[in-house]
Amino acid sequence: MELPNHGANPLRLYKQAGISPPPQILDFSENVHPFGPPAFLEEIWPDMLGLTGSYPDPDGEPFRTAAAKFHDVAAGEVAAGNGAAEIFTWLARRYRSRQVVLIEPAFSEYRQTLEAENVQIKALQLVPENGWQLTVQDVRNIIPGCAALYICNPHNPTGTLLDTDTLQEIAQICLEHHCELVIDEAFIDFIGEEASFMPFLPAFPNVFIVRSMTKMYAIPGLRLGYVVSAAEKIGQLKQGAAHWNVNALSAVIGAKCLGEADYRRNVIQAASGERRKMQQFLAANNCRSTDSAVNFLSFQLPDSSCSAAFFTDFLKAGIVLRHTESFQGMDGNWFRIGMKSTENMAKLREAIKEWLKAN
Ligand SMILES: Cc1ncc(COP(=O)(O)O)c(C=O)c1O
């Protein structure tokens, strides 16, 4: 069965799996949280119409300056993108026809964008035996001769977090090998800025930090992300990007989102609470799960040879999990779930319990 490389868009999954979708679907396959965007969005929505009549600012203002202030960096050290996904196309172009190290399993867009630019990919495979942890020694062994190393932190699809001490060690080794380090912090907001590599950027001109506004602010349909690095590198990266790559609505809404400290705190609290409940439930039911620090986790059934049947049974019952066929090293034997409302998480636990009892 050929399945999509992304979570979300569940109807595409049903179509590809050849299963007719039931009327009610609970989608745990994507990692956007269930609480909706900040309340101000509905209030200012009527004003947004006025923005559609003019071209947006080519630098994504006022968002770019708001992001720079948020991280206490200069505006020239930030470039706004049409989602973090667009930034990965810029990075891939930067490494065209060179060698790049990916940590597998990895977000599929890294490979997709790099292969489109004829980049030779060296894979560093994480394994469940040591909790999917990346080690400094692994990095030391693999990066000689490579133009860049991509690290997703916290890591998708496991949710594990690398601490900033280890990341500094890795960034230093990369610096010594003239290797750039791309840190994808799309999910760091679910922990907080204290986990981000941002404060260490001035010491490491070889580092790009990619951020997404999609996940924390529940605005995947708007498309907004950004990248932070030394100003010279940001200038190079934006060359060749479409002139008005960020739309005017996203630029205004994104700037306001960054001021929503209470919203962020509430989302982190709710998502962490649901994740802990799910982790306890899985352990109590002999399912191995990843040591996630964020709003999603991956887990395995007590008998992983039943994974395909479990996935299909759940699809038929209207419960969509993220399959891992496209995550190298997980190969369909794990499932990723995003944390949703308390009520829907309880339904998922109940469904898993019933399935395990019956099979
Ligand atoms: C690890 C990771 N990075 C980046 C992205 C892309 O985010 P955006 O919606 O900002 O393009 C995703 C989306 O799923 C992701 O999982």
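Trainee: What makes the contact of Lys347 with Glu343 a salt bridge?

Mentor: In this predicted model, the closest N and O atoms of Lys347 and Glu343 are 3.6 Å apart, and because a salt bridge requires a side-chain nitrogen of Lys or Arg within 4 Å of a carboxyl oxygen of Asp or Glu, the pair meets the rule. Lys347 and Glu343 are four residues apart in helix H12 (residues 342–358), so about one helical turn separates them.

Trainee: Why is Glu343 called exposed, and why is Lys347 called partly exposed?

Mentor: The word exposed is kept for a relative accessible area over 50%, and Glu343, at 54%, therefore counts as exposed. Lys347 has a relative accessible area of 41%, which lies between the limits of 20% and 50%, so the term for it is partly exposed.

Trainee: Which parts of the chain does the salt bridge of Lys233 with Glu180 link?

Mentor: Lys233 lies in helix H8 (residues 231–238) and Glu180 in strand S6, 53 residues apart, so that pair links distant parts of the chain. The closest N and O atoms of Lys233 and Glu180 are 3.6 Å apart, and both residues are buried.

Trainee: How do you know that Arg211 is buried, and what is the term for its partner Glu193?

Mentor: Buried means under 20% relative accessible area, and because Arg211 has 0%, the residue counts as buried, whereas Glu193, with 30%, is partly exposed. The side chains of Arg211 and Glu193 meet in a salt bridge at 2.6 Å, N to O, and salt bridges that share partners join Glu185, Asp189, Glu193 and Arg211 into one network.

Trainee: How do you know that Cys179 is in no disulfide?

Mentor: A disulfide needs two cysteine sulfur atoms within 2.5 Å, and the nearest cysteine sulfur to that of Cys179, in Cys174, is 4.3 Å away, so the rule is not met. For Cys287, the closest cysteine sulfur, in Cys306, is 11 Å away, which is too far for a bond. By this rule the count of disulfides comes to zero.

Trainee: Why are strands S2 and S4 said to stand at the edges of the sheet?

Mentor: Seven strands form an open sheet in the order S2-S8-S7-S6-S5-S3-S4, with mixed pairing. Strand S2 (78–81) and strand S4 (120–125) each have a single partner strand, so one side of each is left without a neighbour in the sheet.

Conventions
Residues numbered from 1 in each chain as written. Predicted model: local features only at pLDDT ≥ 70, side-chain atom pairs only at ≥ 80, totals over all residues. Heavy atoms only, no water. Pairing = 2+ DSSP bridges. Helix = DSSP H or I, 4+ residues; strand = E, 2+ residues; numbered from the N terminus. Buried < 20%, exposed > 50% of the residue type's maximum accessible area, 1.4 Å probe, protein only.
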